[in-house]
Each structure stands twice: as C-alpha cells, then as structure tokens.
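Biologist: Could you pull up the model and talk me through it?
Modeller: Here it is.
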Amino acid sequence: MRERGDATTGAAEPMAGGGRMGPATEVFLAHRNLLFTVAYEMLGSAADAEDALQETWLRWVKVDLGQVSDQRAYLIRIATRRSLDRLRTMRRLKEDYVGSWLPEPLLTAPDVAEDVELAESVSMALMLVLETLSPTERAVFVLREVFAIGYEEIAAAVGKTPGTVRQIAHRARRHVDARRPREVVSPGQARAALESFRRALETRDLQGLLDVLAPEVVLVSDGGGVKQAAPQPITGAGKVARMIVSGLGKAQVTLTSEPTVVNGNPALLLRVDGEIDGVIAARVEDARITGLYYVRNPDKLTRIASETPLTLR
C-alpha cells in the first residue's frame, strides 16, 4: 500500500556496488534506534515495535529520496502510521489477554538512565498510563510530548488537521498528567527504595515490606496466562505485603533478586531456584514505592539479557 503523501518508486533499493549499503539503507540505519523508540513507546511491545520497523523499512526503500526534504521526519511519519495500525489491532487482542497486561521490559544501557526525559518516557509507570489513551491520543502524546514533533508533522502522520492534533494533544496531556507520578525521583532514590524492598523480599520480612511500601501502593503482575499472577491489581500496603510473604511461604522456593536497569530505571531481576522468574519495576514517590510492576510472562522476558538502545534523537 502506498503511503498517503509519500513519493514512492516501484522497486526496492538494491545494494550499491561492492556490497555497500545504498543511501536509503544508510539513512534508515542511522535513525533506527530513534524509530524503535517511537514504535516501542506507542506499542509497549518490543516484538511489535520490531515488526513496525520492518514494515517501515519496506516502505522506505521504495521512496524517492530526491523528493524528501526531511528524511528523519519522513521516517517517523511512516513508523507512526505502521505503529498506529498495530496499536489498533493490539487493543482488540488485549481484550482477550489473561490477567493484567504490562509493557515488555527492556534491559537498557546506562546512557538511557542518565537521560531524565527518556528514562521517564519509557518508565513502566508512564508506559502503563499511556495504555489508558486511545491509539491516536497515544501517538499524538508520544510524538509531541516525548519527541517534540511539530503539530503539522504529527497531523501528517496521524491523518488529522493541525488544529485537531492540538486539541488531541491538550486532552492527552491533561489525561496523562492526572495519572503520572507526582514527582520524578532520582535514580539513587529509586535504587534505595528497591534495595529496601529487595532485602525484605528475600528475607520475607513483613514489617520491612510495610516500611518501604506506600499505603496506597498498587501491585500489577503479568503472567500472560502462562505463569501464575494476580488476575487484578492489588491495592494497599497490607494486602500487597501479606500476599508476597504468604505466597513465598506456600511456594517453598529459593528466591533471589539482583538489581538491574529496565526501561532506563532501577528494577529487580528475580530468580526462583536459580531460574529467571520475572522482572519487577517500581514507581517511587517520597522515598516509598507506590507501584510495583511484576512481569512474569516468558514471552515478555526476551529483552532482559542484552541491552536495547533507545534514544530521543
């Protein structure tokens, strides 16, 4: 299918002489990490983001580069359209998902954690908030608030007028601001809270858990119907702490955890009897944990062994 407004030719770009990459390939690879970040923030799934990039590539190599004034913007436009198509399909599939759905965690490099804006934008807490937006609202929010794309370019990507995009952006921003963390804590503060949680978790210390969990803490666990997980979010420090301690006691397993960095933020990699069981990410406010996100679905744990490069530029 030809992209609306895209100037395309009929054939894919061949390799240049001597096996060198052609110009379209070089441009695509130069922006690949950016395009993956755009797609991932829209979809919350690395696998679907990769598929969206593959579709973007197939369209990009048919483009007449001579008619493209801004290659980066053009690529983002194609990637956004492909991601929007997938996002609409995913929303229907999620209706049949077993239990709570969480974004796919990504092991990220230190430079992601050092970029405050990027780390917040891909945090599990904010990614979960983005799930409450409509597909178009999410696309507009991500492009405008995260990547600072202009309204006219966003309009071309989502098939709306610039005026409509401004209205959508305002509505989406207000919706997200009402649900996002009240403050962005430093990595050191987040690590300290998670370390206290880790010690209490491994020693099954009920009081230790109550000390680090905020009274209104919410635990969301994602087993995807493959691993056991709470079918609904659990709210309240007492309920969460007791469930953790009693669950570990009944399971009679050896639980170990190790600090890691997931989606640019401190997290814990959990092992049960030496085997990877899942990843816990946390939302930390006022030195206490207000959100715990436990991904156990094996299909979502394929990106925790090697770092995934993310970028806003």
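Biologist: What area does the protein chain expose, and what share comes from carbon and sulfur atoms?
Modeller: The protein chain exposes about 14,600 Å², and carbon and sulfur atoms supply 51% of that area, where accessible areas come from the Shrake-Rupley method with a 1.4 Å probe and, for residues, only the protein chains shown count as cover. This is a predicted model, in which local features need pLDDT of at least 70 and side-chain atom pairs count only at pLDDT 80 or more, while totals for chains, interfaces and linings use all residues. Residues are numbered from 1 along each chain as its sequence is written, and side-chain values use heavy atoms, with hydrogens and water left out.

Biologist: OK, and how many of the residues count as buried?
Modeller: Of the 313 residues in the protein chain, 50% count as buried, meaning under 20% relative accessible area, with exposed set at over 50% and partly exposed in between (1.4 Å probe, protein chains only).

Biologist: Why would you call the radius of gyration in agreement with a compact globule?
Modeller: Because a compact globule of 313 residues would have a radius of gyration near 20 Å, and the protein chain has 21 Å; the radius is taken over C-alpha atoms, and the globule rule is 2.2 Å times the number of residues to the power 0.38.

Biologist: Switching to the fold, what helices and strands are there?
Modeller: The protein chain has 13 helices and six strands, which are DSSP runs numbered from the N terminus, with helices being H or I of at least four residues and strands E of at least two. The six strands form an open sheet with mixed pairing, in the order β2-β1-β6-β5-β4-β3, and two strands pair if DSSP finds at least two bridges between them.

Biologist: Which strands stand at the edges?
Modeller: β2 (234-235) and β3 (255-262) do, each with a single partner strand, so one side of each is left without a neighbour in the sheet. β3 runs antiparallel to β4 (residues 265-272), joined to that strand by eight bridges, and the bridge partner of Val262 in β4 is Asn265.

Biologist: Now Ser83, buried or exposed?
Modeller: Ser83, which is found in helix α4 (residues 71-94), is buried, with a relative accessible area of 0%. Leaving aside neighbours within four places in sequence, Ser83 is in contact (heavy atoms within 4.5 Å) with Ala39, Met42, Leu43 and Ala52.

Biologist: And where is Met21?
Modeller: Met21 is in the segment before α1 (23-30), and at 34% relative accessibility Met21 counts as partly exposed.
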